[in-house]
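Thanks, everyone, for making time this morning. I would like to take you through one model, and I will keep to what can be read from its atoms.

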Amino acid sequence: MKNLEKLLDQLESRISLFEKENIAISKSNVGWHIEHSLLTLNGVTKVLLQSDPKDYQWKFNFTRFLILKTGKIPRGKVKAPKVVVPQTTIDRATLLTHIKESRNSLLELKTISKDHYFEHPFFGKIKRKDTIRFLEIHTNHHWKIMEDIIKS
């Protein structure tokens, strides 16, 4: 959980650069990557909270295994689900609001039982511990893209 807290701090530190873009690296600007990461964290937390541990059934998934083991998501291979794609104009105020919501989500993540789960579109059902790992990998993936945009 400490990694997610640190990543959230890093995202917040880049809000002032939200308009920066480089089409050679990403079609989206820094603000989009921040917003997408926050929407993902908040949305996944809500799904975890609403899940019924009795409905969980483990099933091997090679993609999940590979991503969780390597800690890397390949760039440009997957399109984000509509629910976590920013739909409004991204501005500093919106990002700050979502940072606050994400800090609350982290507090909620700490209280959710280990048996709650999230159903990922490619990974299938993943329990709380692996969901947190996925959120760390996902946020770090977008952090690296943002850093490449900022460096350019």
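I will speak about the salt bridges, then the enclosed and open spaces, and finally a patch on the surface.

Please keep in mind throughout that this is a predicted model.

Let me begin with the charged pairs, of which the structure holds seven that count as salt bridges. One of them is formed by Arg103 and Asp9, whose closest N and O atoms lie 3.0 Å apart. Because Arg103 sits in helix 4 and Asp9 in helix 1, this pair ties together parts that are 94 residues apart in sequence. Arg103 also meets the side chain of Glu12 in a salt bridge, and there the N to O distance is 2.5 Å. Glu12, too, belongs to helix 1 while Arg103 belongs to helix 4, so this second pair links parts that are 91 residues apart in sequence.

How open to the outside are these partners, buried or exposed, or something in between? Arg103 is partly exposed, with a relative accessible area of 31%; Asp9 counts as partly exposed at 42%, and Glu12 likewise counts as partly exposed at 32%.

A further salt bridge joins the side chains of Lys114 and Asp115, with 3.5 Å from N to O. Here Lys114 counts as exposed, at 61% relative accessibility, whereas Asp115, at 29%, counts as partly exposed. To return to the earlier residues, salt bridges that share partners join Asp9, Glu12 and Arg103 into one network.

Let me turn now to the enclosed space. The count comes to one cavity of 30 Å³ or more, and the largest cavity holds about 40 Å³ of space. Which residues line the largest cavity? They are Leu4, Leu7, Leu8, Leu11, Ser37, Leu38, Leu41 and Thr139. Helix 1, which spans 2-13, and helix 2 each supply at least two residues of that lining, and the largest share, four residues, comes from helix 1. Sorted by class, the lining of this cavity has six nonpolar and two polar residues, and no charged ones.

The open space is next. The largest pocket contains about 1100 Å³ of space, and it is lined by 43 residues, of which His36, Val78, Lys79, Ala80 and His142 lie nearest its centre. The elements that give two or more residues to this lining are helix 2, helix 3, helix 4 (92-111), strand 1 (117-120) and helix 5 (128-151). Helix 2 provides the largest share of the pocket lining, with ten residues. By class, the lining of the largest pocket has 22 nonpolar, 14 polar and seven charged residues, while the lining of the largest cavity has no charged residues.

Lastly, the surface. Trp58, Phe60, Phe62, Phe65 and Leu66 form a nonpolar patch there, and together these residues have about 600 Å² of accessible area. Where does Trp58 sit in the chain? Its place is in the loop between helix 2 (30-50) and helix 3 (62-70). Why does Trp58 count as exposed? Its relative accessible area is 59%, and the class of exposed residues begins over 50%.

That brings me to the end, and I am happy to go back to any of these regions on the screen.

Methods: Residues numbered from 1 in each chain as written. Predicted model: local features only at pLDDT ≥ 70, side-chain atom pairs only at ≥ 80, totals over all residues. Heavy atoms only, no water. Patch = residues over 30% accessible without salt bridge, like charges linked within 9 Å, V, L, I, M, F, W, Y side chains within 5 Å. Areas by Shrake-Rupley, 256 points an atom, 1.4 Å probe, with all protein chains shown as cover. Salt bridge = Lys/Arg side-chain N within 4 Å of Asp/Glu carboxyl O. Buried < 20%, exposed > 50% of the residue type's maximum accessible area, 1.4 Å probe, protein only. 1 Å grid on protein atoms, 1.4 Å probe; cavity = no way out; pocket = protein on both sides within 12 Å on 5 of 7 lines; lining within 4 Å. Points joined across faces, edges and corners; volume = space filled by probe spheres on them. Nonpolar A, V, L, I, M, F, W, Y, C, P; charged D, E, K, R; others polar.
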